[in-house]
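Grab a pencil and work through these exercises with the model open beside you. Each task comes with a solution that goes step by step.

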Amino acid sequence: MTDSERHPYIELIAREARRPVVVDPAARARVMAAVRAEPLPGRRSWLWRRVVAPRSFTLSPITGALLAASLVGIGVISNALVNRDGQTSAGQAPPVAQRLPVSDTVVKFVFLAPQASKVSLVGDFNDWDSAKSPMVRIANSGLWTVTLPLTAGRHVYAYDVDGDWYADPNAPVAGDDGFGHTNSVRVVTKGSTL
Amino acid sequence: MSRSPSPWVSRLVPRSLAVVALALSSAAPLAAQYTDPLTVALGRLDPTNRFAIEVIMDSARAAGLPDAPLRSRVLQGVQLKADARRIVDAVRKKFVLLRTAREVLGPVSNDELDAGSVVLEAGARPNQLQSFRNRQKGREALEAFTVWADLLYRGVPGEEASSAISKLWQDGADDATFHSLWNNVQADISQGLNPGAALQNRIREAPARAAPPKPTPPAGQQENQRSS
């Protein structure tokens with residue numbers, strides 16, 4: 001004697017379960033249409049997922065050092081390229097480091113100013129900035145001096161004595177600068193001495 | 001037996017190096033960044049005058065003129081805390097002088113052009129610079145122009161200064177001769193001699209030289225040389 005014989009309800013349930021399910025053809029069509037309407041997963045999103053997926057990797061210390069060195073190198077090179085092509089708002093010449101060619105000679109400037117407390121040399125070679133070429137007083141004299149590397153050519157200059165500008169009495173006059181001062185000229189030739 | 005570093009150290013060292021490298025590579029351009037003094041100087045001017053100067057400098061570049069003398073005027077004016085309008089006037093005046101000098105002298109070096117413009121500024125007429133247009137290749141009138149402008153500024157009459165410098169130039173005087181002339185004349189002037197007389201005295205002492213072969217002097221100049 002089987003269990004079904006002992007439990008007729010089980011047989012009844014089994015028979016119901018074995019009966020094929022009849023699906024409404026319209027419903028099947030609706031489901032399939034909805035599935036087809038769903039967009040296929042794109043190649044780009046798949047790639048993106050691969051790219052952004054977190055990964056772990058390990059580096060040896062030497063590889064890390066090489067990576068660091070190469071990054072610094074890239075920074076330095078890119079900086080050099082940017083500076084080489086850089087232009088000012090006035091379309092001006094490149095920076096001083098590139099504008100200053102190798103000097104052709106050194107030139108000594110001497111100025112007599114016994115009462116002065118501070119004397120500087122200003123000129124087109126230092127952007128007329130008195131902070132760039134301060135002169136030194138020669139001990140026990142009223143002479144002030146500075147020696148500068150200059151390129152061959154014509155250089156216009158003056159002496160800044162305690163804030164007032166003076167021309168060099170021992171050099172040709174460069175004329176009025178347009179601001180009420182007279183400058184001096186020094187023509188430097190290649191290989192000229194102090 | 002060597003001891004291998006702990007995994008923690010192995011991970012930390014390369015990552016630290018990478019962080020340092022990134023910091024350095026981003027800091028390097030900043031550290032090496034250079035600010036052109038002209039940009040700084042122009043930044044101190046009001047927009048109208050700054051624009052005026054930029055236009056003049058652009059015009060100079062377009063005309064093939066050197067912008068260093070103009071740049072020098074701007075920087076000098078700003079260092080002297082001159083009025084912006086005055087700086088513009090000084091730059092414009094220099095531009096006009098450079099352009100005139102270029103028209104008269106033709107393709108000469110930037111320094112020579114600048115020196116020529118100073119001669120004009122000192123009072124010489126453009127046609128007085130004409131004789132410096134034709135010259136031997138490689139010969140520069142830098143010292144001649146410098147001395148000429150100085151003589152004019154010291155009060156030597158324009159015609160006398162022009163004829164003296166032009167004659168020395170045509171006689172083939174070198175830089176040392178021009179400089180020596182300047183030394184002597186300024187010494188005489190400082191002794192109280194009349195500037196014109198000082199030049200006349202000293203020009204006679206200038207060493208006579210054989211005239212160098214000239215490339216193709218204009219017909220008018222050839223006639224002048226024969227008659228002189």
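**Exercise 1.** Which order do the three strands of the open sheet in chain A have, and is the pairing parallel or antiparallel?

*Solution.* A quick note on conventions before we start. Residues are numbered from 1 along each chain as its sequence is written, while chains are lettered from A and ligands numbered from 1 in the order in which they are written. This is a predicted model, where local features need pLDDT of at least 70, side-chain atom pairs count only at pLDDT 80 or more, and totals for chains, interfaces and linings use all residues.

Step 1: the open sheet runs E1-E4-E3 in chain A, with antiparallel pairing. Strands here are DSSP E runs of at least two residues, helices are H or I runs of at least four, and both are numbered from the N terminus. Two strands pair if DSSP finds at least two bridges between them.

Step 2: look at the edges. Strand E1 (105–112) and strand E3 (136–137) of chain A each have a single partner strand, so one side of each has no neighbour in the sheet.

Step 3: check the register. E1(A) and strand E4 (residues 143–150) of chain A are joined by eight bridges, and A:Phe111 has A:Trp144 in E4(A) as its bridge partner.

**Exercise 2.** Take E5(A) and list strands that it pairs with; how many bridges join E5(A) to E8(A)?

*Solution.* Step 1: start with strand E2 (residues 119–123) of chain A, which is antiparallel to E5(A) and joined to it by five bridges. One anchor for the register is A:Val119, whose bridge partner in E5(A) is A:Val161.

Step 2: E5(A) and E8(A) also run antiparallel, joined by five bridges. Here A:Tyr157 sits opposite A:Ser184 in E8(A).

Step 3: strand E6 (residues 164–166) of chain A is antiparallel to E5(A) too, through three bridges. A:Val161 turns up again, with A:Asp164 in E6(A) as its bridge partner. These two strands make a hairpin with two residues between them, and A:Asp162 in the turn has a positive phi of about 50°.

Step 4: follow E8(A) onward. Strand E7 (residues 173–176) and strand E8 (residues 182–188) of chain A pair antiparallel over three bridges, and A:Ser184 is the bridge partner of A:Val173. This is a hairpin as well, with five residues between the strands and a positive phi of about 95° at A:Gly178 in the turn.

**Exercise 3.** Is helix H6 of chain B mostly covered or mostly open, and what covers its buried residues?

*Solution.* Step 1: test the length. Helix H6 (residues 110–122) of chain B has 13 residues and should span 18 Å at 1.5 Å a residue, which agrees with its end C-alpha atoms being 18 Å apart. The expected span is 1.5 Å times one less than the number of residues.

Step 2: count burial. Twelve of the 13 residues of H6(B) are buried, making it mostly covered. Buried means 20 or more other C-beta atoms within 10 Å of the residue's own, exposed means 12 or fewer, and partly exposed is in between, with C-beta atoms placed from the backbone.

Step 3: find the cover. It includes strand E5 (153–161) and E7 of chain A, together with helix H4 (68–79), helix H5 (84–105) and helix H7 (142–153) of chain B.

Step 4: see what comes after. H6(B) is followed by B:Gly123, with a positive phi near 125°.

**Exercise 4.** Why does B:Thr146 count as buried, and which residues does B:Thr146 touch?

*Solution.* Step 1: place the residue, which lies in helix H7 of chain B.

Step 2: B:Thr146 counts as buried because it has 26 C-beta neighbours inside 10 Å.

Step 3: not counting residues up to four places away in sequence, B:Thr146 touches A:Arg154, A:Pro172, A:Val185, A:Val187 and B:Ala115. A contact means C-beta atoms, placed from the backbone, within 7 Å.

Step 4: try one distance. The C-alpha atoms of B:Thr146 and B:Asp114 are 9.9 Å apart, with their positions 32 residues apart along the chain.

**Exercise 5.** How many helices and strands does each chain have?

*Solution.* Step 1: chain A has six helices and eight strands. Chain B has eleven helices and zero strands.

Step 2: buried residues make up 23% of the 194 residues in chain A and 39% of the 228 residues of chain B.

Definitions and conventions:
Two residues are in contact if their C-beta atoms, placed from the backbone, lie within 7 Å.
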